Amino acid sequence: MTESRKKILLIGNPNVGKSAIFSRLTGARVTISNYPGTTVGFSQGFMKLGAESAGTVIDVPGVYNLQPLCRADDVACNMVTDGDIIVNVIDATNLERNLFLTLELREKNIPMVVVLNMWDETRHKGIEIDLEKLEEELGVPVVSTCGITGVGIKELIEKIRMVKGKEFPVTDRDKKWEEIGRISQTAQVLHYHHHTFLERVEDISTNPVWGLPIAALVVVLSFNVIRFIGEGLIGYVCDPFFEKLWLPVMEKLSSFLSPGSLLHDVIVGKLIDGQIDFFASFGLLTTGIYVPFAAVLPYMISFYLVLGFMEDSGYLPRLATQVDNLMHHLGLHGYAIVPMILGLGCNVPGAMALRLLENRREKFIAATLMAVCVPCMAQIAMIVGLVGERGGGYVALIFGILFLLLIVKGTLMNRLMKGNSPEILWEIPPYRMPQFQAVLKKLWMRISGFLTEAVPFVLLGVLIVNFMYMLGIVAYLSRLFAPLLSGLWGLPSETISAMIMGFLRKDVAVGMLAPLDLTTKQLVIACTILAIYFPCIATFIVMVRELGIRDMLRSAVIMIFTAVSVGAILNILL
Amino acid sequence: MEETKLTNLKAGQTAVVKEIRGGEGVSHRLSSLGIRPGKEITHVSSHFWRGPVTVRIGRAKVAIGYGMAQKIVVEVK
């Protein structure tokens, strides 16, 4: 059974809706957005081909042609040779440009079906395509679909089942363009079309005068919506739940286990002034549950909800062109904003999206900047929760420092490293009205990812903290690192435990500062250092994969050096 | 008929791509996005301080870095 399983490759230009088709064919959940480069890795799923046979469907990252340009493309190019069936997904509103890849793929002599996706958009864009003629010209089966609604998927499955291989002669680039010109003239008619409402919005948001204020407005608005929803969820849902319902249960459990016993310390944690403190007690069922569900989850939900709308509307590539100028000063081009924004949610997908960037220099700069200056939402939420109690200005101070570091470090790396920042060359997709259901689906995917992948590590982290204290490891390390921590940064030497936890989970690490009775100055310094000194282990692994071990080590040296010096400077200045 | 660089076009002006003054790599990257000699290209907007140029090519919109846009020679009718 497994050996007869056919490999079906979904290949096409970036942002033509391959992932939507993939999810329709296999029922698997994958991230779908309206910007080129959403899929950087591969997704695999299965579909039934006949009564007994099944196929493995592979969602390949988008490419414009088969000549490798960057790594994401490179992988795609190598995939082609060992596929059994190719499903070439085409953006029907952009037939001519998409056909170049089609003609290249056809030469591979692998059975192929062409899918004209986004078929629903052709009508109001005044594009008329004759499917039969196109099929005749191309010599391969053609289907029209709408991946988002699922129209045409049934026929597509039917054609995939029936498709047979054919031989096509190999031609050069100019011949291909000639043929494409002929094909699109016979199979496609373009009518004049009126500007739609969304296209008018588009004209304003890429306008050089209005674009930047609009970008600023979008950022400020998103920030406020994220805060509003996050704070609302904490204040009206999570905190009441934990204080009214969970706390009494924990108090009963506490007296049952008798405070001071080993089991009590691990499960309920230490009592602070005779009370359970969800931030500071550090028991598995108190802090271990409170941190992921009441402190981090609300901000995760609000951030990914807003990000979902931004991704699906198509605003991200526009933001990228707006900031292109500024990013060049940091050694990057505008599209590097995409991994950075994803990194604000979680550095792991952010680091994976580094593949969107073209060369080694750019990847190095972006990775280093992300690791140092872009805290993830889990960490941000904890900083807001913990430092916010001392005053919102201190939270702003920490993010101000991180932003300043971003500018200074980016400028320095750009000046000191050989080479130039590459030019931006990206397609800007049309604005699309985000589908509320699709946004919610994506939100749920990301949240369930957080719940299943992060929460176990939070619990593990809390457990490790308890053992580190019990076994005297914290006391030992505190003595060892005291000169650095107290001498240079002005922090109590116990903060070393938080620094070590930071390798595993940054949110738990920030939480560990809670029981330490820090002054506000110490808290600001400790939170800043925790944000910049090193990425968490999960991010580190992805970065090693994307940069290679040598570049990653170099980057790590920069991070540690930055943390040491920034900590010392803050200790003197504040 | 007047030859000029893409960056010299005004917003809304349409021209025909004449040649790409760059290496094989640049012209290949541009052509895979549909920007190649003979194609009609419309300048949509550009940004201050040598920022990226946004063009319409066919029904698609593409943002091109200033340096690369300078390598695109167009013919205005």
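In what order do the 6 strands of the open sheet in chain A stand? Select chain A of this predicted model and find them: the order is 2-3-1-4-5-7, and the pairing is mixed.

**Stop 1: the sheet of chain A**

Pick strand 2 (43–48) and strand 7 (142–144) of chain A, which stand at the edges. Each has a single partner strand, so one side of each is left without a neighbour in the sheet. On average, neighbouring strands of this sheet are turned by 25 degrees against each other, direction ignored.

Next, add strand 3 (residues 54–59) of chain A to the selection. Strand 2 of chain A runs antiparallel to strand 3 of chain A, and 6 bridges join the two. To see one bridge, show Ser43(A), whose partner in strand 3 of chain A is Asp59(A).

Now go to helix 5 (residues 131–138) of chain A. Helix 5 lies across strand 5 (112–117) and strand 7 of chain A, and runs at about 150 degrees to strand 7 of chain A.

**Stop 2: two packed helices**

Select helix 3 (95–106) of chain A and helix 7 (residues 173–187) of chain A. Their axes are 10 Å apart and the packing angle is about 130 degrees, which makes helix 3 of chain A oblique to helix 7 of chain A. The crossing of helix 3 and helix 7 of chain A is right-handed.

Show the side chains in the contact. Helix 3 of chain A brings Leu95(A), Glu96(A), Leu99(A), Phe100(A) and Leu103(A); helix 7 of chain A brings Lys176(A), Glu179(A), Ile180(A), Ile183(A) and Ser184(A). By class, this contact has 6 nonpolar, 1 polar and 3 charged residues.

**Stop 3: where chain A touches chain B**

Display both chains. Here 25 residues of chain A are in contact with 25 residues of chain B. On the chain A side, helix 3, helix 12 and strand 9 each supply at least two residues. Which element supplies the largest share of that side? Strand 9 of chain A does, with 4 residues. The residues on this side of chain A divide into 9 nonpolar, 10 polar and 6 charged.

**Stop 4: a sheet that spans both chains**

Keep strand 9 of chain A selected and add the strands of chain B that share a sheet with it. The open sheet has 7 strands in the order 9(A)-5(B)-4(B)-3(B)-2(B)-6(B)-1(B), with antiparallel pairing. Strand 9 (425–428) of chain A and strand 1 (2–5) of chain B stand at the edges, each with a single partner strand, so each has one side without a neighbour in the sheet. Neighbouring strands here are turned by 40 degrees against each other on average, direction ignored.

At one edge, strand 9 of chain A and strand 5 of chain B run antiparallel, joined by 4 bridges. Label Trp426(A) and its bridge partner in strand 5 of chain B, Ala63(B). At the other edge, strand 1 of chain B pairs with strand 6 (residues 72–76) of chain B in the antiparallel sense over 4 bridges; Thr4(B) stands opposite Val74(B).

Then bring in helix 12 (residues 315–329) of chain A. Helix 12 lies across strand 9 of chain A and across strand 4 (53–57) and strand 5 (60–64) of chain B. Its direction is about 140 degrees to strand 9 of chain A.

**Stop 5: Val372(A)**

Finally, centre on Val372(A), in helix 15 (residues 360–373) of chain A. Is Val372(A) buried or exposed? Val372(A) counts as buried, because it has 24 C-beta neighbours inside 10 Å, and the cut-off for buried is 20 or more. Leaving aside residues up to four places away in sequence, Val372(A) touches Leu405(A), Lys409(A), Ile532(A), Met559(A) and Thr562(A). Of these, pick Ile532(A): Val372(A) and Ile532(A) are 160 residues apart along the chain, yet their C-alpha atoms are separated by 4.1 Å.

How values were computed: Residues numbered from 1 in each chain as written. Chains lettered and ligands numbered in written order. Predicted model: local features only at pLDDT ≥ 70, side-chain atom pairs only at ≥ 80, totals over all residues. Pairing = 2+ DSSP bridges. Axes fitted to C-alpha atoms, helices over the stretch in contact; angles between N-to-C directions. Contact = placed C-beta atoms within 7 Å. Nonpolar A, V, L, I, M, F, W, Y, C, P; charged D, E, K, R; others polar. Parallel < 35°, antiparallel > 145°, perpendicular 65-115°, else oblique. Left-handed = near helix turned anticlockwise from the far one by under 90°. Buried ≥ 20, exposed ≤ 12 C-beta atoms within 10 Å, placed from the backbone.
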